[in-house]
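Please open the structure in a viewer and keep the sequence panel visible. The tour proceeds by selections, each followed by a short account of what is found there.

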Amino acid sequence: MNFFRSWRHDTMPTDPVFSVSPIPAFRDNYIWMIDNRTHAVVIDPGDAAPVFAALKKRSLQLSAILLTHRHEDHIGGVAKLLEKTGVPVYGPRLDAIESVTHPVQEGDTVTLFGQNGPNLAVLDVPGHTRGHIAYYAPKEKWLFCGDMLFGAGCGRMFEGTPEQMWASLSRLAALPDDVQVFAGHEYTLSNLKFAREIEPGNEAIAERARTDLARRNRGRPTLPSTIGLEKATNPFLRADREDVMKRLEELGHLKNRNPVNSFAAMREWKNTYI
């Protein structure tokens, strides 16, 4: 049974200007923070310390936590954050996360900072975990996709099937091209190396590799990307292309051509790719 709900925060900014910024954590995680200059919401806080530091630096008050899935590097900081704040925690209904106070699923909407704030639609995107969700703000054109979609890559299938994962990725690829993709990890450069194995003649991949390497050399994140950029350079969103399937056949990774098999072959290869 699907329950349609709309959750709303009552904190209202006097000047409703919203921004998104990354909070680096561990070796390559990003905790994403949305703020309205006075209050903030964080997505997938695997570690509390950098969140507290970011809030203090910008004099922001935490008002909510959003979770995309149950893995520890995305939820590990929640308990310590709640010790200090006691804010609501939104998370996937089908991923058992003890700290979630507001379980959400497809059809739910989370409205941040009051009625004039961003409306985040919840999308069910299983594959990485059984209950993985994404948060999509159509007006602001934001997608917070956790470990489902990465820069030029995608997450591993820990609990899902290739059919589920391909369907979830295809759903995200169907969003407008200018939607910004806020993924959970800084994996883009290694993913682009793999992408060039799949499509060595794809100039968009080569250009993105040059651009993103320059960003990393300046200490800047490669994210957010856009749905349009991912469709042009992310091999996992291009598994249905005839030239991609032909390449996989030539390399001995694919026997029976269809998009699901093509995706599964790439994901299996990527699992052991160095």
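The following stops visit the empty spaces of this predicted model.

**First stop: the largest pocket**

Select Phe150, Cys154, Arg156, Tyr187 and Arg267, and centre the view on them. The largest pocket holds about 350 Å³ of space. These five residues are the closest to its centre among the 17 that line the largest pocket.

Next, colour the helices α5 (188-198) and α9 (259-271), each of which supplies at least two residues of this lining. Which of the elements gives the most to the lining of the largest pocket? It is α9, with 3 residues. If the lining of the largest pocket is coloured by class, 7 residues appear as polar, 5 as nonpolar and 5 as charged.

**Second stop: the second largest pocket**

Now select Pro22, Tyr30, Gly219, Arg220 and Pro221. They lie nearest the centre of the second largest pocket, which is lined by 17 residues and has a volume of about 260 Å³.

Extend the selection to the strands β2 (19-25) and β3 (29-35) and to the helix α6 (203-217); at least two residues of the lining of the second largest pocket come from each of these elements. The contribution of β2, at 4 residues, is the most that any element gives here. Colouring by class shows 7 charged, 7 nonpolar and 3 polar residues in the lining of the second largest pocket.

**Third stop: the cavity**

How many cavities of 30 Å³ or more does a search of the whole structure find? The search finds 1. The space in the largest cavity amounts to about 30 Å³.

To display its surroundings, select Tyr30, Trp32, Ile43, Asp44, Thr68, Phe144, Cys145, Gly146, Phe182, Ala183 and Gly184, the residues that line the largest cavity. Two or more of the lining residues are given by each of β3, β11 (142-146) and β14 (180-183). The largest share, 3 residues, belongs to β11. By class, the lining of the largest cavity has 7 nonpolar residues, 3 polar residues and 1 charged residue.

**Last stop: a residue with two roles**

Finally, return to Tyr30 and select it alone. Tyr30 is one of the residues nearest the centre of the second largest pocket, and Tyr30 also belongs to the lining of the largest cavity. The strand β3 may be shown with it: β3 supplies at least two residues to the lining of the second largest pocket, and β3 gives two or more to that of the largest cavity.

Technical notes:
Residues are numbered from 1 along each chain as its sequence is written. This is a predicted model: local features need pLDDT of at least 70, side-chain atom pairs count only at pLDDT 80 or more; totals for chains, interfaces and linings use all residues. Side-chain values use heavy atoms; hydrogens and water are left out. On a 1 Å grid over the protein atoms alone, a cavity is a set of points where a 1.4 Å probe fits but cannot get out, and a pocket is an open set with protein on both sides within 12 Å along at least five of seven lines; lining residues have an atom within 4 Å of a point. Grid points are joined across faces, edges and corners, and a volume is the space filled by probe spheres set on the points. Ala, Val, Leu, Ile, Met, Phe, Trp, Tyr, Cys and Pro count as nonpolar, Asp, Glu, Lys and Arg as charged, and the others, Gly among them, as polar.
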